[in-house]
Amino acid sequence: MRTQNNKAWFFVLPVLLLVAFNALIPMMTVVNYSVQETFGNNVFFWEGLRWFEELLNSDRFHAALGRQFLFTGLILLIEVPLGIIIALSMPRKGPWVPVCLVLMALPMLIPWNVVGAMWNIFTLPDIGLLGYLMNTTLGIEYDMTQSPFAAWATIITMDVWHWTSLVVLLSYAGLVSIPDAYYQAAKIDGASPFKVFRYIQLPKMKQVLTIAILLRFMDSFNIYTEVFVLTGGGPGNSTTLLSIDLVKIALGQFDLGPAAAMSLIYFAITLLVSWLFYTLMTKDDAK
Amino acid sequence: MAKITLSKLRHSYMANPASPDDYALKQIDLDWSDGGAYALLGPSGCGKSTLLNIISGLLMPSEGQVLFDDRDVTAFPPDQRNIAQVFQFPVIYDTMTVFDNLAFPLRNRGVDEARVAERVTEIATMLEVTDMLGTKAAGLSPDNKQKISMGRGLVRDDVNVVMFDEPLTVIDPHLKWKLRSKLKELHQKLRATMIYVTHDQTEALTFADQVVVMQDGEIVQIGTPVELFERPAHTFVGHFIGSPGMNVLAAEMRDGGAFLNGHHIALDGAVTAQEGAPQIGIRPEFVQISDTGLPATVRKVADIGRHSVVEAMVGDTAIKAITEGTAPQQGAAVHLQFQQNQTRLYRDGWLATEGRPT
């Protein structure tokens, strides 16, 4: 028999209100802008789906989207394996554990714009430590403001430096949760270190790694501050990622309609990829 | 299969052990004969898991040697000792199928696939898991997972000893019985040396031919289940085995006899030790409530189904007796009689009466 108890709604209501005010209502204003044109003075004209059509056919958007996927793909390819390797080589017991954990957590505690500014100064060709070392000491031409390759190398390195720790800490949490008996059984079964990784450590880390990859995907796909402070999207448009392009359109050109349409598409892509990835990764567990 | 000898084994988890209390294992000398079924019984923290890990090679003893068939293997890592161990919590490789799980120890040793398939099928039939061979091991119930981890130990036919470290801890009570008899059956079929660690006396007594009782890092007694029940070498064994455990009663020695609360108690056999605090040990099973004998007052009666446990006071001493049929009322004045051939004297905890030749 099913009993109806409507009291539950009273407990859900506060959350519903909160979500409405901090997510749904602001988003609805974006939806509102995305189908209109304005020339200021709070005067709006109906445009329908024009901004969406224009955007989806624009080379500028395609290029920014491509750069965004390239950036996210590269940092995931580097941070995930690197994070796992570091987590594997960290001590599981003893006095060095807290030291390692604090060292790992440090980069993540630094505010994003400070990270950008730090790396900006660090790489200045004349006075920055890295810039000076590369150009003067080693004789390798390295100038972010001139070479797109140098700019890309720097934003990737910066992100790896800033966020590999997240993968490390999550993987480490997964590793320490493996009971000793598993390693002992593997020893007795004569398993090689690779097999221990493949059949014990990796399966036990799967869930935390899914979360780590998901978080890194969302964060890096939406990255703005660090890259903006470091390169401003340059040289040229070479490091103009989606978010940087969006801000240029919205605040630089004050094209509120196209910017709103772009925001919605941007959001939809992030959501879609995250959902696809999470569904695929957890498909087996549900069975 | 092999005979296993532990010679002058001592182990401490401290870097510089000074007093005997620093040792988790204090001097163990023990022979496990080939093909025997042994149980290692003792309360938590008595050192039984330490001893097991030393035999399997997961732990290096501080002192002493481990010999397999008179060959010193003390310095060998686990995979070179050809042993198998089943742990408290089932260890299975989640991403593999049941078949691959069972095949894992063989494949790691480079056994050819035909032989692997043959052995896996054989073991799966014995464990009655043939219908699960194709399924992922992750979704199995705890008792089936534990069967698979046992199977991984038994699949190698050259294994020297199979060790079980409290393997039924996470198994539902009604399945424990099944799994335990399965294990006994496997032992009879495979004739492998098996060592079963547990703190549960029922598990130990049903599984093993020989039970090794440990306390505080020492072996207190080795014997068959009957020996442990009838002639506990130490009051600890008396307490630990049996439900309820042996009555251990402070006694007085005078005129060559034992006295309890002023009443003479007839002992089984001659007294062999004259020193140390005397105690009389008798199991509740051998205390009868009758019309004559030691006068006592019933303090508590617990009906545990087929029989009742009566707790009676003789002076300040509580004595437990097991009675079949109608038990006396609480507060009733009764008389207790000790069955003489089961009444033993202990001095400082150790058995101090001769055994009658049987």
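Modeller: Before we look at any residue, let us agree that a helix here is a DSSP run of H or I with at least four residues, and that helices are numbered from the N terminus. The model is predicted, and with that in mind we can place Asp245(A), which is found in helix 11, residues 242–252, of chain A.

Colleague: Is Asp245(A) buried or exposed, and why?

Modeller: The general idea is to count neighbours, since a residue is buried if 20 or more other C-beta atoms lie within 10 Å of its own. Asp245(A) has 23 C-beta neighbours inside 10 Å, and therefore counts as buried.

Colleague: With which residues is Asp245(A) in contact, leaving aside its neighbours within four places in sequence?

Modeller: Once those sequence neighbours are set aside, Asp245(A) is in contact with Ala64(A) and Thr240(A). Leu209(A), by contrast, stands 36 residues from Asp245(A) along the chain, and their C-alpha atoms are separated by 30 Å.

Colleague: How should I read Lys182(B), and is this residue buried, partly exposed or exposed?

Modeller: Lys182(B) belongs to helix 6 of chain B, which covers residues 173–190. Because a count between the limits of 12 and 20 is the intermediate class, Lys182(B), with 17 other C-beta atoms within 10 Å, is partly exposed. Sequence separation is again worth reading beside distance: Lys182(B) and Leu127(B) are 55 residues apart along the chain, and yet their C-alpha atoms are separated by 7.6 Å.

Colleague: How is the packing of two helices read, and at what angle do helix 4 and helix 5 of chain B pack?

Modeller: Two packed helices are described by the angle between their axes and by the distance between the axes. Helix 4 (residues 113–127) and helix 5 (residues 142–154) of chain B pack at an angle of about 135 degrees, with their axes 10 Å apart, and these two helices are therefore oblique to each other. The crossing of helix 4 of chain B past helix 5 of chain B is right-handed. On the helix 4 side Ile123(B), Ala124(B) and Leu127(B) take part, and they meet Lys147(B), Met150(B), Gly151(B) and Leu154(B) of helix 5. By class, that contact has 5 nonpolar, 1 polar and 1 charged residues.

Colleague: Within what distance do the axes of helix 3 and helix 5 of chain B come?

Modeller: The axes of helix 3 (residues 98–108) and helix 5 of chain B come within 7 Å and cross at roughly 30 degrees. Angles under 35 degrees count as roughly parallel, so helix 3 of chain B is roughly parallel to helix 5 of chain B. Helix 3 of chain B also passes helix 5 of chain B in a right-handed crossing. Val98(B), Asn101(B), Leu102(B), Phe104(B) and Pro105(B) of helix 3 make this contact with Ile148(B), Gly151(B) and Arg152(B) of helix 5.

Colleague: Turning to the whole of chain B, into which domains is it divided?

Modeller: Chain B is divided into domain 1 (4–230) and domain 2 (245–351), and 39 Å separate the centres of these two domains, taken over C-alpha atoms. Chain B has 9 helices and 22 strands, and of its 358 residues 41% count as buried.

Colleague: How many residues does each chain give to the contact between chain A and chain B?

Modeller: The contact takes 13 residues from chain A and 19 residues from chain B. On the side of chain A, helix 8 (180–188) and helix 9 (193–221) each supply at least two residues, and helix 8 gives the most, with 6 residues. By class, the side of chain A that touches chain B has 9 nonpolar, 2 polar and 2 charged residues.

Definitions and conventions: Residues are numbered from 1 along each chain as its sequence is written. Chains are lettered from A and ligands numbered from 1 in the order in which they are written. This is a predicted model: local features need pLDDT of at least 70, side-chain atom pairs count only at pLDDT 80 or more; totals for chains, interfaces and linings use all residues. Domain bounds come from an automatic or database domain assignment. Two residues are in contact if their C-beta atoms, placed from the backbone, lie within 7 Å. Ala, Val, Leu, Ile, Met, Phe, Trp, Tyr, Cys and Pro count as nonpolar, Asp, Glu, Lys and Arg as charged, and the others, Gly among them, as polar. Axes are lines fitted to C-alpha atoms, for helices over the stretch in contact, and angles run from 0 to 180 degrees between N-to-C directions. Angles under 35 degrees count as roughly parallel, over 145 as roughly antiparallel, 65 to 115 as roughly perpendicular and the rest as oblique. A crossing is left-handed if the near helix is turned anticlockwise from the far one by less than a right angle, and right-handed if clockwise.
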